[in-house]
Amino acid sequence: MGGLGNIVIPTGSLLGLGAILFCIGLYGALSKKNIIMVLVSVELMLNATNINLVTFSRLGASPNIDGQIFALFTITVAAAEVAVGLALILAIARVRKTTHVEDLDTERH
Amino acid sequence: MIAFFLVSLAILACAVALLSARKVIYMAISIGGVFIGCSVIYFLLGAEFVGIAQVLIYAGAITILIMFAIMLTNHESTEPPLKWTARNVASALFSFLLGATLLIVIRSQVWPQGDPNTDINGGVSNTMAIGLTLFKSYVIPFELVSLLLIAALVGAVVLANEREGR
């Protein structure tokens, strides 16, 4: 165990940081006009959940490393999600010449 | 302890800068700040491998990928100035209410404090412990995730490919 892991950080503060970051990401995803910004806000929400997973990894009756492994899976899935999402955005931008969500409310082009 | 609050402050400042950035390219830089701050949090929690993976995947790959997407689409695009439309007010109100509820619930609980002297790695280094657990208990999810990654890779190539037939 590295020396850095020995610092005591209050659990409530870590959970609060995750909650605030999640809500900032939620507000961005709901209110932003540019579709890339919406995608980035979703990434912010995924990061908030990762902080919670790593926090809870140290707690419980038998603290083990499962939470960190879950965080690694989340990071992988987020990478896959961002690759497909950006490919979709590129395809949309090529066909419709726009990246604003409000121009994307019809199914025809 | 002090480091944790400084890093949290930096993360939240970067996130707010992300929300208020007018040009989309500035937003890509501030999201990099958020990702690096999160990796510092993981280091402080003793999760070295997750922190390194965060720097490599998020701050390295995903930020660059987002910048590429911005450059390939409309890189001059700016976010219009904030107007208090019904949608913005509703989303701000909803996010604020959710955040307030979460924070009240978190404050009202007594959380167990992780004992910093427990060795969650089982006597080996963090990376080794993660590898052992991954290949002992989580083999099937690991293989499924590799399948997911290859599917996403092929899908991204197919989607972004320019179709000649149109």
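Here are some notes on the predicted model of chains A and B, point by point.

1. Let's start with the interface. Between chain B and chain A, about 7,400 Å² of area is buried, and carbon and sulfur atoms give 76% of that. In residue terms, 76 residues of chain A are in contact with 82 residues of chain B. If you want names to click on, try Leu19(B), Leu45(B) and Ile120(B): these supply 10% of the area that chain B buries against chain A, more than any other three residues.

2. Leu45(B) turns up again when you look at Thr55(A). That threonine is found in helix α2 of chain A, which runs over residues 35-56. Is Thr55(A) buried or exposed? With a relative accessible area of 3%, Thr55(A) is buried, because the cut-off for that label is under 20%. Setting aside neighbours within four places in sequence, Thr55(A) is in contact with Thr11(A) and Leu14(A) from chain A, and with Leu45(B) from the other chain. The C-alpha atoms of Thr55(A) and Leu14(A) are separated by 7.0 Å, although the two are 41 residues apart along the chain.

3. Next along in helix α2 of chain A is Phe56(A), and here the rings come in. The structure holds six aromatic pairs over all chains. In one of them, the rings of Phe56(A) and Trp111(B) have their centres 6.1 Å apart and their planes at 55°, so the pair is tilted. Which chains does this pair join? Phe56(A) lies in helix α2 of chain A, while Trp111(B) sits in the loop between α4 (86-108) and α5 of chain B, so the pair joins two chains. Phe56(A) is partly exposed at a relative accessible area of 39%, and Trp111(B) also counts as partly exposed, at 29%.

4. There is a ring cluster to look at too. Ring pairs link Phe70(A), Phe73(A) and Tyr138(B), so to speak, into one group.

5. Tyr42(B) deserves a look of its own. This tyrosine is found in helix α2 of chain B and counts as buried, at 0% relative accessibility. Which residues of chain A is Tyr42(B) in contact with? They are Asn47(A), Asn50(A), Ile51(A) and Val54(A). From chain B, leaving aside neighbours within four places in sequence, the contacts are Ala47(B), Val50(B), Gly51(B) and Gln54(B). As for Ala152(B), which is 110 residues from Tyr42(B) along the chain, the two C-alpha atoms are separated by 27 Å.

6. Helix α2 of chain B, residues 24-44, is also the place of Ser30(B). Ser30(B) is buried, with a relative accessible area of 9%. Beyond its neighbours within four places in sequence, Ser30(B) is in contact with Cys14(B), Ala17(B) and Leu18(B).

7. On to helix α3 of chain B, where Ala59(B) is found. Outside the neighbours within four places in sequence, Ala59(B) is in contact with Phe35(B), Ile36(B) and Gln54(B). Gln54(B) is also on the contact list of Tyr42(B). The C-alpha atoms of Ala59(B) and Ile29(B) are separated by 9.7 Å, with their positions 30 residues apart along the chain.

8. Last, a pocket. Rolling a probe the size of a water molecule over the atoms shows where empty space is left. The second largest pocket has a volume of about 240 Å³. Of the 16 residues that line this pocket, the closest to its centre are Leu72(A), Thr76(A), Phe49(B), Leu134(B) and Phe142(B). Elements that give two or more residues to the lining are α3 (66-96) of chain A and, from chain B, α3 (48-72), α5 (126-136) and α6 (139-160). Which element gives the most to the lining? That is α3(A), with five residues. For anyone thinking about the chemistry of the lining, the split is twelve nonpolar, four polar and no charged residues.

Key
Residues are numbered from 1 along each chain as its sequence is written. Chains are lettered from A and ligands numbered from 1 in the order in which they are written. This is a predicted model: local features need pLDDT of at least 70, side-chain atom pairs count only at pLDDT 80 or more; totals for chains, interfaces and linings use all residues. Side-chain values use heavy atoms; hydrogens and water are left out. On a 1 Å grid over the protein atoms alone, a cavity is a set of points where a 1.4 Å probe fits but cannot get out, and a pocket is an open set with protein on both sides within 12 Å along at least five of seven lines; lining residues have an atom within 4 Å of a point. Grid points are joined across faces, edges and corners, and a volume is the space filled by probe spheres set on the points. Helices (H or I, at least four residues) and strands (E, at least two) are DSSP runs, numbered from the N terminus. Ala, Val, Leu, Ile, Met, Phe, Trp, Tyr, Cys and Pro count as nonpolar, Asp, Glu, Lys and Arg as charged, and the others, Gly among them, as polar. Buried means under 20% relative accessible area, exposed over 50%, partly exposed in between (1.4 Å probe, protein chains only). Contact means heavy atoms within 4.5 Å. Rings of Phe, Tyr and Trp (its six-membered ring) pair if their centres lie within 6.5 Å; planes under 30 degrees apart count as stacked, over 60 as edge-to-face and the rest as tilted. Buried area is the accessible area (1.4 Å probe) that two parts lose on being put together, summed over both.
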